[in-house]
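Got the viewer open? Here's a walk through one chain and the ligands that sit with it.

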Amino acid sequence: MAVDYSALKKGGFMRQKQKNTFSLRLQVVGGTITSEKLKKIYEVADKYGQGYVHLTSRQSVEIPFIKLEDIEEVKLELAKGGVNPGVCGPRVRTVTACQGNTICPSGNIDATNIAEELNTRYYARELPHKFKFGVTGCQNNCLKAEENDVGIKGVLDVHWNKEKCIFCGVCVKACRSGALKMEDNQILFDESKCNYCGRCEKSCPTSAWEGETAYIVSFGGLFGNTINKGDAFLPLVKSEEQLFHITDTAIQFFDDFGNAGERFNFTIDRIGRDKFKKVIEEAYNGGF
Ligand code: SF4
Ligand code: SF4
Ligand code: SF4
């Protein structure tokens, strides 16, 4: 019987150069896997692979050297441990994320939670081409948000409260953007220089800075044959509801207008950047 390589690829089994052998990509969300799942992955890699896994550049796990005749057994075995095969091809791929503010002291958002929500909404959705989401918890940008088709970065919209300030100057030193100066018992805040990193809020010993969680969203990033930094043209996004309305709109735009085999950035170029911005700005302003 002819092997349907396309169906296998869709289900995470990617053909190796070695005949009838596949590297199985697994579904991982935001780079997090439980120890229970790891046990099952270990067992399968040991029994059906060659006793090792490959960690991909996008936080996924692959088990190489799965034999064609073992594929169904491998799927059943993984399912027993709650491990799902991943996807490849023209659809929404693994959602990547850093650990965000649940673990990292620099984090401004719960990146893991945002990644899980994106995964629930869109993972494996069929599209004209591959589509990548990346979520990074702060301006340190460990997850390189702008290299994704849609990148999300956690920031803080900060406000200074003079009454709580003891004018120690710590926030002025912490600010790497030159947005803060201290003169005559005043903090001078040049918001035009602020990148919303939140370092002032995190460093202040008296909580004189208040920070409101927000998101910077970028569109059209590419990091393959063509390299393009995603465009972050919106003002700060202030709520999850607004964020997901924007991601719904962006992915629908690609679904509606993308040509087969065309990455999102090229669809935006072909249809018109101004038109795309108008659609996304309408989503941004959609009653939030
Ligand atoms: S991007 Fe920020 S929150 Fe995420 S791991 Fe890096 S420093 Fe931590
Ligand atoms: S949020 Fe960052 S850039 Fe803005 S004032 Fe605070 S430390 Fe400076
Ligand atoms: S770190 Fe806090 S207390 Fe110190 S100058 Fe800045 S706002 Fe004032």
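What follows goes from the overall picture to the sheets, the cores, the ligand shells and a few odd backbone angles.

## The big picture

First off, this is a predicted model. The chain has 288 residues, and 48% of them are buried. DSSP-wise you get 9 helices and 12 strands. Lay the C-alpha atoms along the principal axes and they fill a box of roughly 80 × 45 × 30 Å.

How many of the contacts between residues at least 6 apart in sequence join residues at least 24 apart? The share is 66%.

## The β1-β2-β4 region

Start with β2, residues 21–25. Of its 5 residues, 5 are buried, so this strand is largely enclosed by the rest of the structure. In a regular strand, side chains alternate between the two faces of the sheet. Here Thr-21, Ser-23 and Arg-25 point one way, while Phe-22 and Leu-24 point the other way. Yes, that buried set includes Arg-25.

β2 has pairing partners to look at. With β1 (residues 13–15) it pairs in the antiparallel sense over 3 bridges, and Phe-13 has Leu-24 as its bridge partner. The two strands make a hairpin with 5 residues between them, and Asn-20 in the turn has a positive phi of about 55°. With β4 (residues 61–67), β2 shares 4 bridges, again running antiparallel. In that pairing Phe-22 stands opposite Ile-66.

## The four-stranded sheet and its helices

Next up is an open sheet of 4 strands, ordered β5-β6-β7-β10, with mixed pairing. Edge positions go to β5 (96–97) and β10 (209–219); each has a single partner strand, so one side of each is left without a neighbour in the sheet. β5 runs parallel to β6 (residues 133–136), and 2 bridges join them. One residue pair to click on is Ala-97 and its bridge partner Val-135.

Two helices are worth turning on here. α4 (residues 111–122) lies across β5, β6, β7 and β10, and runs at about 165° to β6. α7 (residues 240–257) also packs on the sheet, touching β6, β7 and β10, and its direction makes about 5° with that of β10.

## Two nonpolar cores

The largest nonpolar core has 37 residues. Those with the most contacts inside it are Leu-118, Phe-131, Phe-133, Val-135, Val-150, Phe-219 and Phe-264. At least two residues come from each of α4, β6, β7, β10, α7, α8 (264–271) and α9 (273–284). Which element gives the largest share? That would be α7, with 7 residues.

Phe-133 is a handy residue to centre on. Leaving out residues up to four places away in sequence, its contacts include Arg-58, Val-92, Leu-118, Tyr-122, Val-150, Thr-247 and Ile-251. A second, separate core of 18 residues includes Leu-156, Cys-165, Cys-171 and Cys-200.

## Three ligand shells

Ligand 1 is surrounded by residues including Cys-98, Cys-104, Cys-138 and Cys-142, along with Ser-106, Thr-136, Asn-140 and Asn-141. By class, that shell divides into 4 nonpolar, 6 polar and no charged residues.

Around ligand 2 there are 13 residues, with Cys-175, Cys-194, Cys-197, Gly-198 and Cys-200 the closest. The class split is 9 nonpolar, 3 polar and 1 charged. Ligand 3 has 14 residues around it, and the closest are Cys-165, Cys-168, Gly-169, Cys-171 and Cys-204. That shell has 12 nonpolar, 2 polar and no charged residues. Cys-165 and Cys-171 turn up among the closest residues of ligand 3 and also in the second core. Cys-200, for its part, is in that core and among the closest residues of ligand 2.

## Unusual phi angles

Most residues other than glycine have a negative phi. Phe-167 has a positive one, near 55°, and lies in the loop between β7 (150–160) and α5 (170–174). Asp-184 has a positive phi too, about 45°; look for it in the loop between β8 (180–183) and β9 (186–189).

How exposed is Phe-167? Its relative accessibility is 21%, so it counts as partly exposed. Asp-184 is exposed, with a relative accessible area of 77%.

Notes
Residues numbered from 1 in each chain as written. Chains lettered and ligands numbered in written order. Predicted model: local features only at pLDDT ≥ 70, side-chain atom pairs only at ≥ 80, totals over all residues. Heavy atoms only, no water. Buried < 20%, exposed > 50% of the residue type's maximum accessible area, 1.4 Å probe, protein only. Near = heavy atom within 4 Å. Nonpolar A, V, L, I, M, F, W, Y, C, P; charged D, E, K, R; others polar. Pairing = 2+ DSSP bridges. Contact = heavy atoms within 4.5 Å. Axes fitted to C-alpha atoms, helices over the stretch in contact; angles between N-to-C directions. Core = buried A, V, L, I, M, F, W, Y, C linked by side-chain atoms within 4.5 Å.
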